[in-house]
Amino acid sequence: MSSVATIKRNVIPPHLEVKGGCPLSGILKVSGAKNSSLVLMAAALLTKEKLLLENVPQLTDIEVMSEILSNLGAKLTKTNNSIEIHSEFIHNAELPYQLVHSLRASFFCVGPLLTRLGKAKIPLPGGCNIGARPVDEHINGLKALGAEVEVKDDVVKAQVSSKNKRLHGANITLKYPSVGATETIVMASCLALGKTTISNAAREPEIQDLAKMLNSMGAKVFGAGTKKITIIGVESLRGTSHCVIPDRIEAGTFLIAAAITRSPLTIGPVIPNHLGAVISKLQECGCSISHHGNHHLKIIPRDISGVEITTSPFPGFPTDLQAPFMSLMATAKGSSKIKESVFEKRMQHVLELNKMGACIYLENNTAHIKGVKELLGSNVKGGDLRSSAAIILACLSAKGTSIFTGLEHLDRGYEKFEEKLTNAGSIISRKFEKITPQNSFTSNTISEDNINTQKNAA
Ligand code: EPZ
């Protein structure tokens, strides 16, 4: 739907109006981790008993994953931040294109479906705004466990043809420590016959959270969080209740919000060792960060200077905070350099930040940043989830008012983002209004290319 069509319908697309220059104060609450919740929801398919997940953030990605599980035949009961999932009667092993296309994490269902139904059929998730996002490591892992997997016309068809319809253990070495592939293999091998080892496994906290829940269901997963994970297959898994870990990426985003507005702030709950690389870079560039009470951090920004960052798998600097940190470096003293080494197309925010007066030069996947005194409020747009958060942080620090479009990206991964920031002192309003003579300026400035109408999965 183009903006012309939107304007013709006399409705300005949902956007945020952000007044820059407001200091933050108080406590910013951190929600449950999106990237943990999504894989834990898929893992619910591994048991016929009820699984209760608590501290689940209310996000559009969670809504889509809920729809996917229901589509497979699972029964879901949701309260605010809890979801009970009952997968006893799942009967469908096929996922529809429109759901898979809007949520790559739907691929996490393949391993559990193979285990429960002996088959799975799912369109290739395909690329998104940050890169090609192949799933070859997932597929190679499933094949090593005994699944027959065929990819034809962009559709993945997998089945377990062994007579006992059961996957078998294997020794698997990943060519890259892929988070998703590690999670797919851990889930698929929990109920396989025999032992599985994963070498060069991803070490992200979300994998540790998955292993903790699976073990509470009766699985035998050892070494999660290290490069080598061992899984001893068991006969079945029981239900459990599990509280999702705090979202380390949201927590890091809030720490950067404090730094970019030069505001002392407390954020929590957090698990500090999930944020080691982020905390040390914030300290290096001029913030003091200390533990505050249980599970909270207090940040006091001082003069912010440029630093160098290269993103890498955990425990390195997380790729998901590369864009927000670049917004901070845009108004830091001196120069800085940020190299994105995980995804090939994760620099959407550079164009928008430069529109606001930043001085960023992109050379392949490395951004060379020269700090400027201040950014200027502008009409800006988000191209993916984390670039959207980065641009809004930049708007918080800019002189004047900005209009941000791209809420369909932001709402995928940040729960009540502008509400939390407003409670801490920002002046942000979410607008969805009819055009009137008073606001016709807004409608004119939200130009064609600022209307993000496609949902892109990251
Ligand atoms: C997870 O994506 C997260 N998503 C991403 O968060 C996060 O950025 C990423 O891990 C890295 O930390 C969820 O957990 C739902 P990968 P995932 O497999 O599993 C290549 C966000 O903003 N690769 O570790 O897809 C891949 O192309 C999202 O919350 C293969 O080559 O990440 C990429 O270059 C974005 N073959 C690199 O590995 C494969 O089979 C890292 O991907 C799989 C991945």
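**Exercises on two strand systems and a ligand site**

Strand β15 and strand β16 (residues 296-301) pair in the antiparallel sense over six bridges, where a pair of strands requires at least two bridges found by DSSP, and where strands (E, at least two residues) and helices (H or I, at least four residues) are DSSP runs numbered from the N terminus. The model is predicted, so that local features need pLDDT of at least 70 and side-chain atom pairs count only at pLDDT 80 or more, whereas totals for chains, interfaces and linings use all residues. Residues are numbered from 1 along each chain as its sequence is written, and side-chain values use heavy atoms, with hydrogens and water left out.

**Exercise 1.** Determine which strands stand at the edges of the open sheet that contains β16, and describe what packs on this sheet.

*Solution.* Begin with the strand order, which is β2-β14-β16-β15 with mixed pairing. Because β2 (27-29) and β15 (287-292) each have a single partner strand, they stand at the edges, and one side of each is left without a neighbour in the sheet. Next, neighbouring strands of this sheet are turned by 25° against each other on average, direction ignored, the axes being lines fitted to C-alpha atoms (for helices over the stretch in contact), with angles from 0 to 180 degrees between N-to-C directions. Then place the helices: α9 (residues 248-260) touches β2, β14 (265-268), β15 and β16, and its direction makes about 25° with that of β16, contact meaning heavy atoms within 4.5 Å. Helix α10 (residues 276-285) touches β15 and β16, and its direction makes about 135° with that of β15.

**Exercise 2.** Identify the partners of strand β3 (residues 50-54), giving the sense of each pairing.

*Solution.* Take β5 (residues 82-86) to start with: it pairs with β3 in the antiparallel sense over five bridges, and within β5 the bridge partner of leucine 52 is glutamate 84. Turn then to β13 (residues 240-243), which pairs with β3 in the parallel sense over four bridges, with leucine 51 opposite threonine 240.

**Exercise 3.** Find polar contacts of the ligand and state how much of its accessible area the protein covers.

*Solution.* Start from the 22 residues that surround the ligand, of which the closest are Asp136, Ser178, Asp320, Val342 and Arg386; a residue counts if one of its heavy atoms lies within 4 Å. Among polar contacts (pairs of N or O atoms within 3.5 Å), a backbone N or O atom of glutamate 137 lies 2.8 Å from a ligand oxygen atom, and a backbone N or O atom of valine 179 also lies 2.8 Å from an oxygen atom of the ligand. From the side chain of arginine 346, an N or O atom is 3.1 Å from a ligand oxygen atom. Finally, the protein covers 90% of the 830 Å² of accessible area that the ligand has on its own, as computed by the Shrake-Rupley method with a 1.4 Å probe.

How values were computed:
A polar contact is a pair of N or O atoms within 3.5 Å; within protein, one must be able to donate a hydrogen and the other to accept it, and residues adjacent in sequence count only if both atoms are side-chain atoms.
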